[in-house]
Amino acid sequence: MQRWMTFFRDDISDETLKELMDMDKDIKKVEERLEYLSSDPKTIELYRAREKALHERANMISSAEERGIEKGIKKGIKKGIKKGRKESAIEALKLGLDVYMAAKISKLSVEEVEEIKKNLLQ
């Protein structure tokens, strides 16, 4: 296990790699296969295409997250404004203003204020 962990290190020296290959025939086979694959133009092309696809996918996910966050913020702001307007209408109605005046103050429709008034009376 220790040999394999050493083999997979990024900073392995050529000398250490040779020692590992001399000690373990499986490591030697893997190293030879890696050498072959890294010299094959088709394999390198496939590797680069996969890396590019993974990078593009990560960018798409990041962009989608950003758009989702922006959309959520806009939705939250609209919801907050609507809530504030309803609270203004409630306060206007509690002060005894009529539905039309409460609608004007709160910038809600008369129908919305009538619905709020109906709910207040219940």
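**Exercise 1: a nonpolar patch**

Ile81 is found in helix α4 (residues 41–94), where helices (H or I, at least four residues) and strands (E, at least two) are DSSP runs numbered from the N terminus. This is a predicted model, and local features need pLDDT of at least 70, side-chain atom pairs count only at pLDDT 80 or more, while totals for chains, interfaces and linings use all residues. Residues are numbered from 1 along each chain as its sequence is written, and side-chain values use heavy atoms, with hydrogens and water left out.

Task: work out which residues make the nonpolar surface patch with Ile81, and say how exposed Ile81 is.

Solution.
- Start with exposure. Ile81 counts as partly exposed because its relative accessibility is 43%. Buried means under 20% relative accessible area, exposed over 50%, and partly exposed in between (1.4 Å probe, protein chains only).
- Next, the rule for a patch. Its residues have over 30% relative accessible area and no salt bridge; like charges are joined within 9 Å, and nonpolar side chains (Val, Leu, Ile, Met, Phe, Trp, Tyr) within 5 Å. Areas come from the Shrake-Rupley method with a 1.4 Å probe, and for residues only the protein chains shown count as cover.
- Now the members: Ile69, Ile73, Ile77 and Ile81 make a patch of about 380 Å².
- Think about the spacing, too. An α-helix has 3.6 residues a turn, so residues three or four places apart point the same way.

**Exercise 2: checking helix α4**

Task: compare the span of α4 with what its 54 residues should give, then find which of its residues are buried and what covers them.

Solution.
- The expected span is 1.5 Å times one less than the number of residues.
- For the 54 residues of α4 that comes to 80 Å, and the end C-alpha atoms are 79 Å apart, which agrees.
- Among the residues of α4, Ala89, Ala92 and Leu93 are buried.
- The cover over the buried residues of α4 includes α5 (99–106) and α6 (110–121).
- After α4 comes Gly96, with a positive phi near 95°.

**Exercise 3: a positive phi**

Task: Lys107 is a residue other than glycine; what is its phi, and where does it sit?

Solution.
- The background: most residues other than glycine have a negative phi.
- Lys107 goes the other way, with a positive phi near 65°.
- Lys107 is in the loop between α5 and α6.
- Lys107 is exposed, because its relative accessible area is 63%.

**Exercise 4: salt bridges**

Task: how many salt bridges does the structure hold, and which one links Glu112 to a distant part of the chain?

Solution.
- Set the cut-off: a salt bridge is a side-chain nitrogen of Lys or Arg within 4 Å of a carboxyl oxygen of Asp or Glu.
- By that rule there are four salt bridges.
- Glu112 meets Lys82 at 2.2 Å, N to O. This pair links distant parts of the chain, as Glu112 is in helix α6 and Lys82 in helix α4, 30 residues apart.
- Glu112 is partly exposed at 28% relative accessibility, and Lys82 is partly exposed at 32%.
- Compare Lys118 and Glu115, whose closest N and O atoms are 3.8 Å apart. They are three residues apart in helix α6, which means about one helical turn separates them.
- Arg9 and Asp11 also pair up, with closest N and O atoms 2.9 Å apart. Asp11 is exposed, at 53%.

**Exercise 5: a charge without a partner**

Task: Glu31 is buried or exposed, and which residues does it touch?

Solution.
- Locate Glu31: helix α3 (residues 25–39).
- Glu31 is buried yet has no salt bridge, and the nearest side chain of opposite charge, Lys28, is 11 Å away. For this purpose Lys and Arg count as positive and Asp and Glu as negative; His and the chain ends are not counted.
- Contact means heavy atoms within 4.5 Å. Not counting residues up to four places away in sequence, Glu31 touches Phe7, Leu17 and Met21.
- Now look from Met21, in helix α2. With that same sequence limit of four places, Met21 touches Ile27, Lys28 and Glu31.

**Exercise 6: a buried leucine**

Task: how buried is Leu20, and what does it touch?

Solution.
- Leu20 lies in helix α2 (residues 14–23).
- Leu20 is buried, because its relative accessible area is 4%.
- Leaving out residues up to four places away in sequence, Leu20 touches Arg3, Thr6, Phe7, Ile12 and Ile27.
- Take Thr6: Leu20 and Thr6 are 14 residues apart along the chain, and their C-alpha atoms are separated by 8.5 Å.
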